Amino acid sequence: MTAAKAKSLSSLFRSAVKAKNSSSSSPAEEGNFKEFLSLVGSVTSSQAVTKRPIKPLFETSQFLHDKSSQRSAGDFTLSSFMLDETSSSDHISDNSPDMQGIASEQSEERGLDIPWFGDLLKKNISSRRKEVSRERKQKWIYKSSQDSRFNQLVKMCGAMLGTEITVDIFGRLGRETGIKEYNALMKICVEDAKKSSNEEVALQQIHKAFRLFKSMKERGFQLEEETYGPFLAYLIEMEMVKEFYFFHGVIKGENTCSLSRLGYYEMLLCIRVNNEQKIQELCNYVMNNDDEENKSSLLENYLLALCESDRKKELLQLLEIIDITKFSVDSVASIFKALGTLLLESFAERLFMVLKASDYEEENITNFIYSYAVGIPNSKVEDVISSFKNLHVKLEVTPSRASYEKLILYCCDSLKVHSALDLVDEMYEVGLTLSMEALHTILHALEESCNFNLVHRAYSLISRHNLKPNCETFRIMITLCVRMKNFDGAYRMLNDLEKMNLKPTVIMYNAIMGGYFREKNIYGGMRVLKQMEEADVKPDSKTYSYLISNCESEGDVDKYYEELKHSGIKDTKHVNMALINAYASFGQFEKAKQLVSGELRFPYKSLIEEKSVLAQALASHGQWSDALDIYKEFKQAGSTMEPKALISLIEHIPYDGELSTLLQLLEEFNDSDYWVDGCCRVILYCVRYKHLSPAINLLKQLKDKFCNNELALGRLFDEVFCLIGELDPTYLQIGLDLLHAVKHELGLTPSRKCLDFLLHACMEAKDLNNVMLIWKEYKEAGLPYNVLTFLRMYKALLAAGDLKAAKLFLTKIPKDDPDVRFLIKEMQTTYIEKPSTKKENFAKKKSICILKPPISVDDIDKKKKKKEED
């Protein structure tokens, strides 16, 4: 799509949004879109629809004969999307607002009133269409990627405008609505219905789905499973029985070939609502059906539904009458997986024997063995591998490459990379080879499981078995070496590329450079740049983003940026982000701000990311108020700042910042992990500035979030009480109040670390009463006293001045460990002035007096004369 067309589409889209949201429409707009606007629901919440019972939608015939549903097929007929540039810009000058992407107020209001071809309707439209067609053939090369882009556009418009307005808009664009577009719109209906907690909104979406079905019928399309499947699945999930059977009848009437597949959904519905009588009725029907052709297909679909629902009784009942060799490969795999789940090993073996006796393809049988093995519940990876091997031995079947690779993938998904590599060795022992896709899966699992050191074993595997890795293989392996800081290993792999007839790429060098810079090894990073020059590998935008991010002066930043522009490399968002952080680190905040231009009128991802990085950089370098202004700009535009920027705002809030601002920032998180991180930081802020009530409220929210996961909450409490232990003694009271809240309001047991930190705080405050209170808390929490507990208590009693109690505790401390004896001595030196020390000092003074020779009379006279002279 050209820039001119994109702007025209943008203008039309904005017009549709305005028409949708406008309270006063022109008569022409009202005539064209009255029905559409009436169906567009309000913004729904993120919660799911409650499980009814929802009022049946189809009890009366009013729905079927609704005037809004009588729209003619012509309203949905669209011709072709790929319009010529001139056809959308013949009557728009180069300096017009549309060409600049800024539609005037009048064009926005009237955009949907104006016919798409404008004044061309007054001319010979037939000849003009031929001319457009010829120009289109000359200027456009149709690519498969354009379909996916268009589908994404359909989805975006459908989500914002509604399905029917979307169909009408693209009708004006000139593209004929096809199956893919209808499927995309149907998915939007289902998603909107799932998100809504409002019954009326859900019913509106069901209504729209019916309209789409009707439109497809009028246009001559058959209703295939790709279209109706997600919708029926939603009705089943919501247990909407009457609505399901209504649409079941509509679909069956339009496509009798879908009867057997509809049986699958019908069986799922009966299982969902626990209609035992209907389930048995369906099973009896298929068992007594004399039509062998239809019986086999319907039986297969019933079995698939039963397999998904783990219905053991009915599954065995139908398996007794089936000829499994007539089923599709995917269906048979599902059946064996269900047999594994239900632990029906003997029945599975019997079916395996049937397949083997019928000369069934052996490769498929070994895949079915895999399906059975992974279906066994509560099995460790080692158990699955053992079952896989044992069944192959028992059935005298040789594992295929495909089944081995499936098992390897299963190991990788479970992050059992050692087992995956062992299976690779077994494959080569039996003469099978590993595909590069499977090897890449193993390498990715190494990274995800942090088993970076196993990259050497994987590399050895490549060498021993003469595999032919590609550049991507080496990139991953080099990255793994860098992750474990083995730069020598990364260079060795880089040097081995020549042996494999491969050339190093800039991505490989970037991986090494990024590793050096993460380790703050600037010299190592710059050495990589020199090596790139020697290997004649040109740097890319990622290289420059690394270099800019790690400059030691502002002049270096400008130098690398100029080099980037002169090299013709595209100025990407990563480079912009690096520049923002670099200028902010050198105090050039205005330069950093100038790099990000544009208003957040539309949710452009790159602009959102860049402005978020700017806010993060400003907040972390003392410009918190400017960062908060960017956040307010996001709020005004109805957009959301990136989570990392929000975390930075929370982390760097100044001491005089308002707690209400922090709580507002906390509400912005959509990601659960980031919310927890932000919440913990706000709690620490509340503790530091003694906001007890908000801290307790946030702790309650965290408890609800973790669903009573005491281990996760315990880590947070440890951090909170650690902060209390580090602060001055005035924070002891808020620590005691939090301890009370943890026990009585949250119903949790404090950990040993929490009590240790509180005991330390009591010692710093020299508060003897609370020292004894915390000591009792250990016993109430069921925490046995140990050596460290006694040592802490001994120190606290010494600090509080209760030497008698301290002496009693000293007798309970085991003194076998020399470190313990050393600590006791240090405490006594710090807090106790020993009587022996006083005696030693007195004796020392006495001995000095005794040893000193007596003073004569002459000496006294001399001293007096000297004193008088002075």
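**Buried residues, cysteines and annotated repeats**

Ala-193 is buried, with a relative accessible area of 2%. In this predicted model, Ala-193 forms part of helix α7, which covers residues 179-195. Phe-231 is 38 residues away from Ala-193 along the chain, and the C-alpha atoms of the two residues are separated by 9.9 Å.

A second buried residue was examined in helix α10. This helix spans residues 241-254 and contains His-248. The relative accessible area of His-248 is 9%, which is under the 20% limit, and His-248 therefore counts as buried. When neighbours within four places in sequence are left aside, the residues in contact with His-248 are Leu-262 and Glu-266.

The nonpolar residues were considered next. In soluble globular proteins, nonpolar side chains tend to be buried together. The largest nonpolar core of the model holds 248 residues. Within this core, the members that touch the most other members are Phe-336, Leu-339, Phe-352 and Ile-512. The element that gives the most to the core is helix α35, made up of residues 672-688, with a contribution of 10 residues. The surroundings of Leu-339 were listed without residues up to four places away in sequence. On that basis, Leu-339 touches the leucines Leu-319, Leu-344 and Leu-351, together with Phe-347, Ala-348 and Tyr-372.

The cysteines were then checked for disulfides, for which two cysteine sulfur atoms must lie within 2.5 Å of each other. The count comes to 0 disulfides by this rule. Cys-270 shows how the rule is applied. The closest cysteine sulfur to that of Cys-270 belongs to Cys-283 and lies 9.6 Å away, so the pair is too far apart for a bond. Cys-270 is buried, with a relative accessible area of 3%. Cys-189 is likewise buried, and its relative accessible area is 2%.

Finally, the model was compared with a database record. An unreviewed UniProt entry lists residues 470-504 and residues 505-539 under "repeat: PPR". In the model, the span of residues 470-504 is 63% helix and 0% strand. The C-alpha atoms at the two ends of residues 470-504 lie 11 Å apart. For residues 505-539, the chain is 74% helix and 0% strand. The end C-alpha atoms of residues 505-539 are 10 Å apart. Both annotated spans thus contain helix and 0% strand in the predicted model.

Note on methods: Residues are numbered from 1 along each chain as its sequence is written. This is a predicted model: local features need pLDDT of at least 70, side-chain atom pairs count only at pLDDT 80 or more; totals for chains, interfaces and linings use all residues. Side-chain values use heavy atoms; hydrogens and water are left out. A nonpolar core is a set of buried Ala, Val, Leu, Ile, Met, Phe, Trp, Tyr and Cys residues joined through side-chain atoms within 4.5 Å. Buried means under 20% relative accessible area, exposed over 50%, partly exposed in between (1.4 Å probe, protein chains only). Helices (H or I, at least four residues) and strands (E, at least two) are DSSP runs, numbered from the N terminus. Contact means heavy atoms within 4.5 Å. UniProt positions are given in the numbering used here, feature names are shortened, and annotations may be inferred rather than shown by experiment.
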